[in-house]
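Here are some short exercises on charged side chains that pair up. Keep the structure open beside you and try each task before reading its solution.

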Amino acid sequence: MEPVEINAGAYYLRALRDDARIDDRPRVVEGFTDPVSRQWLAHIKVHDLASAGEYIERRAADWAHETRLSWAVADPLTGVLLGEVQLKELDLAGGTAEAGCWAHPDARGKGMTTEALAAIIRFGFGALGLRAIAYRHERGNEGSARVAAKLGFTPVSDEPSGDVVLMLRNPAVDVDVE
């Protein structure tokens, strides 16, 4: 599948880029080396331009393999990367995915993540026909908890690992997905 661009109101959703016109690598490094991101996204090892380039390459491969659809959330006028939203653990046959996101430090607290995730949820339910989208965050991550609540996710479980799992069901499909 080729990456899909989405107009998300105040934001433009596009593929992460590392080319002659747009180089998202510095902002990816800043996003993942920030102390807040390191606290909640310690499993992502991006620490320099080379590892940011590899991260961007993996996201492009994920689109091609239809395993994860990832969008850079960009300022529509400047193209500056503000964060990333994604549908990961994508199971098109089963109609499920898990939403994920991160925000650059200078883009936090402005509603960007909520608006961008809302756009890809509409895409997932409408264009992809997904039946349910999960959202997972660590207990104590209040920013992620607020985003999930604003988007209407409901709690499914509180894992021993410390993860809180929430679910959002496609209102156009009446089906039980766990």
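**Exercise 1.** Decide whether Arg 17 is buried, partly exposed or exposed, and find its salt-bridge partner.

*Solution.* Start with accessibility: in this predicted model, Arg 17 has a relative accessibility of 25%. Buried requires under 20% and exposed over 50%, so Arg 17 counts as partly exposed. Next, look for the partner: Arg 17 pairs with Asp 19, with 2.7 Å between the closest N and O atoms. Asp 19, at 34%, is partly exposed too.

**Exercise 2.** Work out how Arg 59 and Asp 62 are placed along helix α3, and whether they are buried or exposed.

*Solution.* First, the contact: the two side chains form a salt bridge, at 3.1 Å from N to O. Then the helix: α3 spans residues 49–65, and because Arg 59 and Asp 62 are 3 residues apart in it, about one helical turn separates them. Finally, the surroundings: both Arg 59 and Asp 62 are buried.

**Exercise 3.** Find which strands are tied together by the pair Lys 88 and Glu 98.

*Solution.* Begin with the distance: the closest N and O atoms of Lys 88 and Glu 98 are 3.7 Å apart, in a salt bridge. Now place each residue: Lys 88 is in strand β4 (residues 81–91) and Glu 98 in strand β5 (residues 96–103), so the pair links parts 10 residues apart in sequence. As for accessibility, Glu 98 is buried, at 12%.

**Exercise 4.** Name the residues joined into one network by salt bridges that share partners.

*Solution.* The network consists of Arg 59, Asp 62, Arg 68 and Glu 84. For the overall count, the structure has 13 salt bridges.

Notes:
Residues numbered from 1 in each chain as written. Predicted model: local features only at pLDDT ≥ 70, side-chain atom pairs only at ≥ 80, totals over all residues. Heavy atoms only, no water. Salt bridge = Lys/Arg side-chain N within 4 Å of Asp/Glu carboxyl O. Buried < 20%, exposed > 50% of the residue type's maximum accessible area, 1.4 Å probe, protein only. Helix = DSSP H or I, 4+ residues; strand = E, 2+ residues; numbered from the N terminus.
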